[in-house]
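I opened this model today to follow how its pieces pack. My notes are below, written for a fellow computational chemist.

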Amino acid sequence: MSRLATTFARLAAEDRAALIAFVTAGDPSPAHTPAILDAIVAAGADVIELGMPFTDPMADGPAIQEANIRALAAGTKTADVLAIAKGFRERHPETPLVLMGYANPMLSRGPAWFAQALDDAGVDGVICVDIPAEEDAALGPALRGKGVDLVRLATPTTDAGRLPAVLAGASGFLYYVSVAGITGLQQAATDSIDAAVARLKMGTDLPVAVGFGVRTPEQAAAIARIADGVVVGSAIVDVLAKAGGDPAAGATLVAQLAEAVRSARVGVNA
């Protein structure tokens, strides 16, 4: 069983959702990221999503766009991201680590090279925003050959006809993008997320995590009552940016989010 599968199974047994915390690798510099990751794990993040800086992050809103710019300006390369990942794995052997990014950095040296590098670094999963499920051959076989989960995205426009293609070859969890837009700006109504998660769960046994637009503990708690995981990115990136990359600032918000997620179902399912 993969590290992601083990974590989601444990949390399901505890009747709670996972808090998946996103930060951009190399923001504000590669030297800052390890301490930031350590702090947010200590504050209660269950899964780490580590963004790979890219020049054209088309799915990301202003907060993460700016984080990408800061990271690239600081000279962050793919090698730095992999080194950060490897160090994280050595310090946190149990916490799942997922890289999120775009096809160009992942495929520029070939899928086999990238999959081997992930395996060497101890990365558990990959979210690639701009490779459609129908083009699985570009990256999927190489990842699966190394036991790395390929986390797929479903959106409000993923209909019943296309969902099987999205799920084919997916593993780790299914990431439901709750709004048809970019990260960090708006959040869908809870009723629509509830209906979407129920629809997705009819098609898969994978855990379903919900992200895009989740910024507050109250929003995280509302989703944690419905989904198997809550992804928070822009809000964490924002507080880190305002604090100049001070890990304590990210940890404070993550602790609030973690408490909200952990207590969301208390008394609800009794």
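**Strand S8 and the sheet**

I started with strand S8 (residues 208-211) and found both of its faces covered. Val208 and Val210 are buried on one side, Ala209 and Gly211 on the other. I count a residue as buried under 20% relative accessible area, as exposed over 50% and as partly exposed in between (1.4 Å probe, protein chains only). My reminder for reading such a pattern: in a regular strand the side chains alternate between the two faces of the sheet.

Before going on, I noted that this is a predicted model, where local features need pLDDT of at least 70 and side-chain atom pairs count only at pLDDT 80 or more, while totals for chains, interfaces and linings use all residues. Residues are numbered from 1 along each chain as its sequence is written, and side-chain values use heavy atoms, with hydrogens and water left out. My helices (H or I, at least four residues) and strands (E, at least two) are DSSP runs, numbered from the N terminus.

Next I looked up the partners of S8. Strand S7 (residues 174-177) runs parallel to S8 and is joined to it by 4 bridges; Leu174 has Val208 as its bridge partner there. Strand S9 (residues 229-232) is also parallel to S8, with 2 bridges between them, and Val210 is partnered by Val230. For pairing, DSSP has to find at least two bridges between two strands.

Which strands stand at the edges of the sheet? I first wrote down the order: 9 strands form an open sheet, S5-S4-S3-S2-S1-S9-S8-S7-S6, with parallel pairing. Strand S5 (149-150) and strand S6 (152-154) are the edge strands, each with a single partner strand, so one side of each has no neighbour in the sheet. The partner bridges of S6 were easy to check: 3 of them join S6 to S7 in parallel, and Ala154 is matched with Tyr176.

**Helices on the sheet and on each other**

I then turned to helix H11 (residues 234-242), which lies across strand S1 (18-24) and S9 and runs at about 50 degrees to S1.

Helix H2 (residues 33-42) and helix H12 (residues 247-263) came next: they pack at about 25 degrees, with axes 8 Å apart. That makes H2 roughly parallel to H12. The cut-offs are under 35 degrees for roughly parallel, over 145 for roughly antiparallel, 65 to 115 for roughly perpendicular, and oblique for the rest. Axes are lines fitted to C-alpha atoms, for helices over the stretch in contact, and angles run from 0 to 180 degrees between N-to-C directions.

Which residues meet here? From H2 I listed Ala35, Ile36, Ala39 and Ile40, and from H12 Pro247, Gly250, Ala251 and Val254. By class, the residues of this contact are 7 nonpolar, 1 polar and no charged. In that scheme Ala, Val, Leu, Ile, Met, Phe, Trp, Tyr, Cys and Pro are nonpolar, Asp, Glu, Lys and Arg are charged, and the others, Gly among them, are polar. Contact means heavy atoms within 4.5 Å.

The buried residues of H2 are Thr33, Ile36, Leu37, Ala39, Ile40 and Val41. They pack against S1, strand S2 (47-51), helix H4 (78-91), H11 and H12.

**Two single residues**

Is Leu4 buried or exposed? Leu4, in helix H1 (residues 3-13), is buried, with a relative accessible area of 0%. Beyond four places in sequence, its contacts include Val47, Pro96, Asp149 and Phe173.

Arg262 sits in H12 and counts as partly exposed at 38% relative accessibility. Outside its neighbours within four places in sequence, Arg262 is in contact with Arg16, Gly44 and Asp46.

**Backbone oddities**

Most residues other than glycine have a negative phi, and most peptide bonds are trans. I kept a short list against that background.

- Asp27 and Pro28 are joined by a cis peptide bond, omega about 0 degrees; Pro28 is in the loop between S1 and H2.
- Gly44, just after H2, has a positive phi of about 125 degrees.
- Asp15 has a positive phi near 55 degrees, lies in the loop between H1 and S1, and is partly exposed at 34%.
- Phe212 has a positive phi of about 80 degrees, lies in the loop between S8 and helix H10 (217-224), and is buried at 10%.
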